[in-house]
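Here are a few exercises to work through with the model open beside you. Try each task before reading its solution.

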Amino acid sequence: MKTSSLRKAYGEALVEVGSDERVVALEADLGKSTMSVYFQDKYPKRYFQMGIAEQNMISTAAGLSLAGKIPFASSFAVFASGRPYDQIRSSIAIPNLKVMICGSSAGLSDFGDGKTHQSIDDIGIMRVLPHMSVLCPVDAIETKQMVRAMLEHDGPVYLRVCRAELPEITDSNKPYVLGQMTKVKDGKDVVIFACGSMVSQSLKAAKILETKGVSVRIVNLSTIKPLNIEQLKENIKGVKAIITAEEHNIYCGVGSAVAEALSDCSLPIGMVAINDSYGTSAKKYEELLEKYHLTEDDIVQKVMDTLEK
């Protein structure tokens, strides 16, 4: 499958929605990495470089929203979610302001900078906030679709973007609707709810499982919150087990969200996630996926173990 950059797609989509003069962009000194510099090049008067000060960036974004603007505030995911948490909670989430937060280089994808720059907790931090929507695109195509949808959404949104180039899976002819989940492969034995980089890992795992006689259904859970319970229950019909796969701590992420929503379900649930630890630095992104058991082989093993239950 063709791979492409989600960060580049975010920057390009930001320029696209910038045709709406209400849109402004704020950056915390990482514009060349988040690719918000594309917006700066096109609309320099509506681009605000806030320096290494995410708290000030979020507070300013709240003020711009109250003034009728639509702010897109970008930084690395670990900084966009954690460093200004109080400002996000008090100034954006509580008053339910239309502020869009882009957490770039999410999960372990900033492989070279180590645990201080790797966000293994951002889904949990953002998911717990009332009013906050949490999105995790599977590829560059869906990233662009999400940015367009964010422009029309009333209320705050957190967008989680992987640093690595990922395979293009999304059908560009099908419109994205905030709140939807998408079945990317049908199967009858087990369903995998995955997000971000773990969708392509799940597709590779499905090929291996088919050689073992296991039919796998894969659902791209790119809208983590709000979670569509009706669609969730529809996608577990007929299967023997449920698997969740995410590049995030096993606590408070996608696995937790699915288990909470299906608390009255009798099917066994297996979770592929980071086992409650911080990341580390590496020469390649793939080294970290292997170290933290986020590969297709790990998904295969989790499926087989869960089916045995």
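**Exercise 1.** Find the acidic partner of Lys-240 and say which parts of the chain the pair ties together.

*Solution.* Step one: Lys-240 makes a salt bridge with Asp-189, and their closest N and O atoms are 3.6 Å apart. A salt bridge here is a side-chain nitrogen of Lys or Arg within 4 Å of a carboxyl oxygen of Asp or Glu. Step two: Lys-240 sits in the loop between α10 (229-234) and β13 (241-249), and Asp-189 in the loop between β9 (182-185) and β10 (190-194), so the pair ties together parts 51 residues apart in sequence. Helices (H or I, at least four residues) and strands (E, at least two) are DSSP runs, numbered from the N terminus. Step three: Lys-240 is exposed, at 53% relative accessible area, whereas Asp-189 is buried, at 7%. Buried means under 20% relative accessible area, exposed over 50%, and partly exposed in between, with a 1.4 Å probe and protein chains only.

Before you go on, please note that this is a predicted model: local features need pLDDT of at least 70, side-chain atom pairs count only at pLDDT 80 or more, and totals for chains, interfaces and linings use all residues. Residues are numbered from 1 along each chain as its sequence is written, and side-chain values use heavy atoms, with hydrogens and water left out.

**Exercise 2.** Which residue forms a salt bridge with Glu-54, and is Glu-54 buried or exposed?

*Solution.* Step one: the partner is Arg-83, with the closest N and O atoms 2.8 Å apart. Step two: the pair links distant parts of the chain, 29 residues apart, since Glu-54 belongs to helix α4 and Arg-83 to the loop between α5 (77-82) and α6. Step three: Glu-54 is buried, with a relative accessible area of 1%, while Arg-83 is partly exposed at 35%.

**Exercise 3.** Place the salt bridge of Lys-204 and Glu-296 in the wider set.

*Solution.* Step one: the closest N and O atoms of Lys-204 and Glu-296 are 4.0 Å apart. Step two: Lys-204 lies in helix α9 (residues 197-211) and Glu-296 in helix α13 (residues 296-307), so parts 92 residues apart in sequence are tied together. Step three: both partners are partly exposed, Lys-204 at 40% and Glu-296 at 22%. Step four: a search of the whole structure finds 15 salt bridges, and Lys-183, Asp-186 and Arg-217 are linked in a network of them.

**Exercise 4.** Describe how α4 and α6 pack.

*Solution.* Step one: helix α4 (residues 54-66) and helix α6 (residues 85-93) meet at an angle of about 5°, with axes 9 Å apart. Axes are lines fitted to C-alpha atoms, for helices over the stretch in contact, and angles run from 0 to 180 degrees between N-to-C directions. Step two: the two helices are therefore roughly parallel, a label for angles under 35 degrees. Step three: Gln-55, Ile-58, Ser-59 and Ala-62 of α4 meet Gln-87, Ile-88, Ser-91 and Ile-92 of α6, where contact means heavy atoms within 4.5 Å.

**Exercise 5.** Locate the cis peptide bond, and find where Met-35 lies.

*Solution.* Step one: the cis bond joins Lys-225 and Pro-226, with omega about 5°. Step two: Met-35, not a glycine, has a positive phi of about 75°, and its place is the loop between α2 (31-34) and α3 (37-42).

Terms used:
Angles under 35 degrees count as roughly parallel, over 145 as roughly antiparallel, 65 to 115 as roughly perpendicular and the rest as oblique.
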